[in-house]
Amino acid sequence: MNKYQKQSVKKKPNKLYGQVLFWAVILLFALFIGRFFYVGITHHADGQNLSARVREMYSNAIDIKAKRGNIYDSTGQPIAENATTYTVYVVLSKKAQAYGKKQYLPQNQKRRAARILGKNLGMKPEKVYRILNPKDSGLYQVEFGNAGKNISLATKKKIQSYHLSGVKFTPAQARMYPNGVFASHIIGIAQQKNGNLSGVMGIEKQYNKYLAGHNGVRKYAADRLGIKLPSSRMKYRKPVNGDDIYTTLNPKYENYLEETLTYAQKRYRPAEMAGILVNPHTGEVLAAAQRPTFNAQTKVGLDQIWRNALTEEAYEPGSTMKTMLLAASINSGHFQPNAYYQSGKFDVGGSLVTDWDQNGWGSIPYYEAYLKSSNVGMAHMEQQMGPNVWLKYIKRFGFLKSTNSGLGIERSGSISFKLPIEQADTAFGQGIDVTSMQMVQVYTAIANNGKMVQPRFIRKIVDPNTGKTVYKTKTKVVGKPITSKTASQVRYWMQQYIVNPKAIGKPFKINGFDTGIKDGQAQIASPDGRGYISGGPGDYIFDVAGIAPVNHPRFLVYIVVKQPQALKKNAGDLTIADIYTHFMKKLLNSTQRTTIKSVDDSTNKVPSVKNWKVNDAIQVLNQKGFHPIQIGSGSKVIRQSDAGKSATSGTKVFLITNGKMKMPDVSGWSRNDVVKFANLVGIDVQCKGSGFVTKQSIAKGSTLNKNESLTVELR
């Protein structure tokens, strides 16, 4: 083989490689072309619909927020309500243009924009101007920190009225609590979570599924700037607003209780304190409060304590438990009021029970045991019944299990009941843990002729979309631990505890009213579970249960105070008596000539009376149970509030007439009433404080002019 033949043999592998590469390229090209045509025809790739993905990329889906349901007091005034706030921002990029229109703020308008925004946001125009001219010229948009957040609808409208190019607003849901400190741990709060308001405590949390509603959505095709394409079709799903909740809380009584606890907090400085007022016949909670507390509107104090003291705090009640022992003794047929026992000290199974006055009062009758709050007398009565009978009544009274009042976590309590001394201790409120809600529930049996009713905070839940009641509570009798006759006798002894010359409850007397009470003082268990805290005279839990009037109870009050740092005359009983009478005097004096009833459940739609004669409109609204208020001197209604809305009896309906508008006397109005009035007549309003109006800046009868500003003080 010559050299030429050798060279030709070496070239054959290279030719083969070339052919393989050629056909490989042809195959890949064919696959690419095939894939291209497949995707082009089917619009699918990797299991995904490409047309749908493109639509998603160039579509704009906007959540339409459902309105969270309001929470109302028993008179129909809102305790918690929705508000929409806004964040303002300014687009600076010249790229923001659509269909020949500028969507940004031009340089030559920045001075004017700085003046307008500064005035409405409470900022200096120079600072706004600096923000509108950032060092980074490539910024698409700028914001204004906290000053530009949470602005009201009125402020938004004022800014928009100047038609500033590029000034945009982002809406956000907010929750308003117009009464501030008002049953805060009962109502709770709602906060933003994943773009929606969600309850985090109290009624706001426990009834969140009713209050929340369901968001709607609006979808449309948009360009890369998010601007709707002219040819696109809008898809819309309507939001479903949340349900409204009507509570049993009476605003007047609630404010009395809040004021009382604030007074006690300042004067006696307790570690904790709680109070509750109940209609003992229906179980409706008319007022409930605790300290520490927080302002639900400003959030001041929210970091102090989140626990609901009425349901989550368990403690030994002390001598208020003696009422239950007395009731059990009477009902079981063991009470011998005129039999005698030796007071002071009593040996029970080798352990000593002592009276608060260890010297005792000699040999006294058993009826004095209750009047003098004698531990020894109660221990004797417990032994006369026997532990099995006494334990049966403890359970019949609803202790050792939750009341299920509907506020979430609720303690059940506990008991030590094995040894004879432990059994005797429970007769005067030691060795048994209870909650305030359990104490209230059990005392309803005393006030309600033996029928024990469950405390409740909710009256009804209403769907605002239809006006229909979707849930309504009723009086729930949870037991009949004693007879009506026994209950009447116990109420008699509760009254004697105050008025009998031999009794020790005289500091609780309220002149002019027949009331009955039992107070208590209990040691506080050590955190390690061994024994009790020992210290100063205030290192106790002081509590009191009171009913009024005694023969036909309308009110049941329970107040508990833990570790007050100061005491009245260095005495715990005088301290709790001062707090109790402070509240009860207000309550009874305010209702001396009225009778307590369950709140009227009727909810009607407010009729539209626009263009009606004023007198006719007022007559119809009165017939419907509303409270019409005429604003103006004319004879014809030209505007009104709440037309077509569902509202409870007593709701104020404002009627604007064709005459000159005159400023009404707004004293006693709620914050919501004032805001509703101001919005209707077109004036600005500023509310200071919480509660009900006590002062107004525009005098009653003054002619109202637009652009005026009304300032009111509330207490």
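## Ground rules

Helices (H or I, at least four residues) and strands (E, at least two) are DSSP runs here, numbered from the N terminus. By that convention, D347 belongs to strand β18, residues 345–348.

The model is a predicted one: local features need pLDDT of at least 70, side-chain atom pairs count only at pLDDT 80 or more, and totals for chains, interfaces and linings use all residues. Residue numbers start from 1 along each chain as its sequence is written, and side-chain values use heavy atoms, with hydrogens and water left out.

## The chain overall

There are 20 helices and 37 strands in the chain. Half-and-half shows up in burial: 50% of the 715 residues count as buried, where buried means under 20% relative accessible area, exposed means over 50%, and partly exposed lies in between (1.4 Å probe, protein chains only).

About 35300 Å² of the chain is exposed, with carbon and sulfur atoms supplying 50% of that. These areas come from the Shrake-Rupley method with a 1.4 Å probe, and for residues only the protein chains shown count as cover. As for contacts (heavy atoms within 4.5 Å), take those with a separation of 6 or more: 68% of them link residues 24 or more positions apart.

## A look at D347

Back to D347 in β18. With a relative accessible area of 48%, D347 is partly exposed. Its side chain reaches the backbone nitrogen of G350 at 3.1 Å. A379 is 32 residues away from D347 in sequence, and the C-alpha to C-alpha distance between them is 9.8 Å.

## Strand β5 and its partners

Strand β5 (residues 78–91) is mostly covered, with 13 of its 14 residues buried. Strands count as paired if DSSP finds at least two bridges between them. Strand β4 (residues 71–72) runs antiparallel to β5 over two bridges, with Y72 and P78 as bridge partners. The two strands make a hairpin with five residues between them, and G76 in the turn has a positive phi of about 90 degrees.

β5 also pairs with strand β9 (residues 167–176), antiparallel again and through 10 bridges; T84 is matched with Q173 there. Strand β8 (residues 141–143) joins β5 over three bridges, also in the antiparallel sense, and V90 has V142 as its bridge partner.

## The β31-β34-β32 sheet

This one is an open sheet of three strands in the order β31-β34-β32, with mixed pairing. β31 (627–631) and β32 (637–640) stand at the edges with a single partner strand each, so one side of each has no neighbour in the sheet. From one strand to the next, the twist averages 30 degrees. Angles run from 0 to 180 degrees between N-to-C directions, using axes fitted to C-alpha atoms (for helices, over the stretch in contact).

β32 pairs with β34 (residues 652–657) in the antiparallel sense over three bridges, and Q640 stands opposite L655 in β34. Helix α20 (residues 671–681) lies across β31, β32 and β34, at about 20 degrees to β34.

## K652 in β34

K652 is found in strand β34 and is buried, with a relative accessible area of 13%. Its side chain makes a 3.1 Å polar contact with the side chain of D673. A polar contact is a pair of N or O atoms within 3.5 Å; within protein, one must be able to donate a hydrogen and the other to accept it, and residues adjacent in sequence count only if both atoms are side-chain atoms.

Leaving aside neighbours within four places in sequence, K652 has contacts that include H627, I629, W669 and K676.
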